[in-house]
Amino acid sequence: MSIFAVEYVYDADSAQIRDEHRPAHREWLAGLLEEGRVLASGPFRDGAGALLIFTAEDEVDLSSLLMKDPFAAVGAISGMKTTEWQPVIGPFAHLV
């Protein structure tokens, strides 16, 4: 299992659609947290995006998972960067 940092980018004009679909998005994340697939998640204070930390077998597994995000389904994410991450210090270091 690998750890991935995922950065979502939001357009300023997507605030209304994100507000509308945030409950479903957070419910999806909560389910993944219970499964151990989400380690941390939260929006940037400036509203420009969010950082999510996932576990996944590989990039293909991660991509499949991200397509199921309700925000992705309604076009609320304008950009995304995924990077495999190897934490060496902190609460996630023991996972790799």
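**Close-up 1. K68 sits in the loop between α2 and α3.** In this predicted model, K68 is exposed, and its relative accessible area is 57%. The cut-off for calling a residue exposed is over 50%, so K68 with its 57% falls into that class. Look for W28 as well: the C-alpha atoms of K68 and W28 are separated by 8.4 Å, although the two residues stand 40 residues apart along the chain.

**Close-up 2. H25 of helix α1 meets D69 through their side chains.** Let us turn to the helix. H25 belongs to helix α1, and with a relative accessibility of 6% H25 counts as buried. What joins the side chains of H25 and D69? A polar contact does, and its length is 2.8 Å.

**Close-up 3. R22 and D19 form a salt bridge in helix α1.** How many salt bridges does the count come to? The count comes to two, and this view shows the one between R22 and D19. The closest N and O atoms of R22 and D19 are 2.8 Å apart. Both residues lie in helix α1, with a spacing of three residues, or about one turn of the helix. R22 counts as partly exposed at 23% relative accessibility. D19 is partly exposed too, with a relative accessible area of 48%. Partly exposed residues lie between the cut-offs of 20% and 50%, so the 23% of R22 places this residue in that class.

**Close-up 4. R37 and D61 form a salt bridge.** Here the closest N and O atoms of R37 and D61 are 2.8 Å apart. R37 lies in the loop between α1 and β2 (38–43) and D61 in helix α2, so this pair ties together parts that are 24 residues apart in sequence. Is R37 buried or exposed? R37 counts as buried, at 16% relative accessibility. Its partner D61 is partly exposed, with a relative accessible area of 22%. The cut-off for buried is under 20%, so R37 at 16% is in the buried class, while D61 at 22% is in the partly exposed class.

**Close-up 5. R37 and F92 are compared by their C-alpha atoms.** Stay with R37 for a moment, in its loop between α1 and β2. Along the chain, R37 and F92 are 55 residues apart. In space, 12 Å separates their C-alpha atoms.

**Close-up 6. S14 makes contacts with D11 and R18.** S14 has its place in the loop between β1 (2–9) and α1 (15–34). With a relative accessible area of 7%, S14 is buried. What does the side chain of S14 reach at 2.7 Å? The answer is the backbone oxygen of D11. The side chain of S14 also makes a polar contact of 2.9 Å with the side chain of R18.

**Close-up 7. I77 and S14 are 63 residues apart along the chain.** Now bring I77 into the picture with S14. I77 is found in the loop between α3 (70–73) and β4 (79–85), and I77 is buried, with a relative accessible area of 17%. How many Å separate the C-alpha atoms of I77 and S14? Their separation is 8.2 Å. S14 is buried as well, at 7%.

**Close-up 8. E57, D58, E59 and E84 form a negative surface patch.** Four residues make up this patch, and two of them can be placed here. E57 is found in the loop between β3 (49–56) and α2 (59–66). E59 has its place in helix α2. Patch residues need over 30% relative accessible area, and E59 is partly exposed with 38%.

**Close-up 9. E59 of helix α2 is shown with T82.** The last view keeps E59 from the patch and adds T82. In sequence, E59 and T82 are 23 residues apart. From C-alpha to C-alpha, the distance between E59 and T82 in space is 8.5 Å.

Notes:
Residues numbered from 1 in each chain as written. Predicted model: local features only at pLDDT ≥ 70, side-chain atom pairs only at ≥ 80, totals over all residues. Heavy atoms only, no water. Patch = residues over 30% accessible without salt bridge, like charges linked within 9 Å, V, L, I, M, F, W, Y side chains within 5 Å. Areas by Shrake-Rupley, 256 points an atom, 1.4 Å probe, with all protein chains shown as cover. Salt bridge = Lys/Arg side-chain N within 4 Å of Asp/Glu carboxyl O. Lys, Arg positive; Asp, Glu negative; His and termini not counted. Charge placed at Lys NZ, Arg CZ, Asp CG, Glu CD. Helix = DSSP H or I, 4+ residues; strand = E, 2+ residues; numbered from the N terminus. Buried < 20%, exposed > 50% of the residue type's maximum accessible area, 1.4 Å probe, protein only. Polar contact = N/O pair within 3.5 Å; in protein donor to acceptor, adjacent residues only side chain to side chain.
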